[in-house]
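This report concerns side-chain interactions in a predicted model. It treats aromatic rings, charges over rings, cysteines and one histidine in turn.

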Amino acid sequence: MSRRSAPFVAPDYIDDPASKDGKKHAKVLLSTLQEDIANFRNEQFPPDILRQIRDMPIYEGNLAEVQTYQQCWQNLLERAKDFYPAANMPPDYLPLPASLEIPQFIYHVQRLHLTKTRAKESKSFGSVGALTDKCGQYTDDEIERMTAVLDNDEEARLVAHREFIDLRAYVFCRDSKGEMLEPERVRFYRTGLIVHALPDFKIVDSRQTPRKRRNDAYNNPLADNGVWKIYRKK
């Protein structure tokens, strides 16, 4: 099962977090945290006490090794939890956003299945100007087609799709009774993945045969600049 990330919440130590000044203060503090994470990551990642798996940013070790490495990150993890208090908490156990680039720590791992999947990134827009700012330039004819869609229907929106190969790991863990749990699907390439490997830990590497993406409901793009294909949003 895949997981979305925990939602952002302005820390309660900020005065009037819902106000314009409060939101600005929260943004500054989050930016400072991201800079501190980047600096620490340059020094502490990859971890020298753990073993790399294949050519991936995945590292495994025994319980003591993984706990020791996680402790190195503990201060930054606690600061991140001020902004994302639902992270790794019941009932959903949502992860921290990948944009923070804090390694993901998973314990009691019995098997790791590495896969590649054909996927797409999607963005929606209500104006052609906002779209070209994010997605790049298009021909005059394409601009005209996109503009006509929005001009003819005030509720219309444009959607941009970018295809890519998504690298994932299916992580199989055991519970406190030793029973195998349902696999957790993890995107790890940006953050890195740290696993506590159980005895007889196994790796299945299926990256050579990317899984097919489901059929796309969108066809005949209004515009295509070689990276982003643009459609009228359904």
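The predicted model contains 7 aromatic pairs. One of them joins F8 and Y84: the ring centres are 5.8 Å apart and the planes meet at 70 degrees, so the pair is edge-to-face. F8 belongs to the segment before helix 1 (20-44), while Y84 is in the loop between helix 2 (63-83) and strand 3 (104-125); the pair therefore ties together parts that are 76 residues apart in sequence. The two partners differ in exposure, since F8 is partly exposed at a relative accessible area of 41%, whereas Y84 is buried at 7%.

Another pair consists of F188 and Y189. Here the centres lie 6.4 Å apart and the planes are at 50 degrees, so the arrangement is tilted. F188 is buried, its relative accessible area being 0%, but Y189 is exposed, with a value of 52%. Beyond single pairs, ring pairs also link F8, F83 and Y84 into a cluster.

Two cases of a charged end over a ring are listed below.

| Charged residue | Ring | Distance from ring centre |
|---|---|---|
| R41 | F45 | 4.3 Å |
| K234 | Y218 | 5.2 Å |

Thus the charged end of R41 sits over the ring of F45, and that of K234 over the ring of Y218.

Turning to the cysteines, how many disulfides does a search of the whole structure find? The search returns 0 disulfides. In general, a disulfide is a covalent bond between the sulfur atoms of two cysteines. As for the exposure of individual cysteines, C72 counts as partly exposed, at 37% relative accessibility, and C135 is buried, with a relative accessible area of 7%.

The last site is centred on H196, a residue of strand 6 (residues 193-211). Is H196 buried or exposed? With a relative accessible area of 7%, H196 falls under the 20% limit and is therefore buried. A polar atom of the H196 side chain lies 3.0 Å from the backbone nitrogen of H108. H108 also appears among the residues in contact with H196 when neighbours within four places in sequence are left aside. The other residues in that set are G61, N62, L63, V66, I106, Y107 and V109.

Definitions and conventions. Residues are numbered from 1 along each chain as its sequence is written. This is a predicted model: local features need pLDDT of at least 70, side-chain atom pairs count only at pLDDT 80 or more; totals for chains, interfaces and linings use all residues. Side-chain values use heavy atoms; hydrogens and water are left out. Rings of Phe, Tyr and Trp (its six-membered ring) pair if their centres lie within 6.5 Å; planes under 30 degrees apart count as stacked, over 60 as edge-to-face and the rest as tilted. Helices (H or I, at least four residues) and strands (E, at least two) are DSSP runs, numbered from the N terminus. Buried means under 20% relative accessible area, exposed over 50%, partly exposed in between (1.4 Å probe, protein chains only). A charge sits over a ring if NZ of Lys or CZ of Arg is within 6 Å of the ring centre and within 35 degrees of the ring normal. A disulfide is a pair of cysteine sulfur atoms within 2.5 Å. A polar contact is a pair of N or O atoms within 3.5 Å; within protein, one must be able to donate a hydrogen and the other to accept it, and residues adjacent in sequence count only if both atoms are side-chain atoms. Contact means heavy atoms within 4.5 Å.
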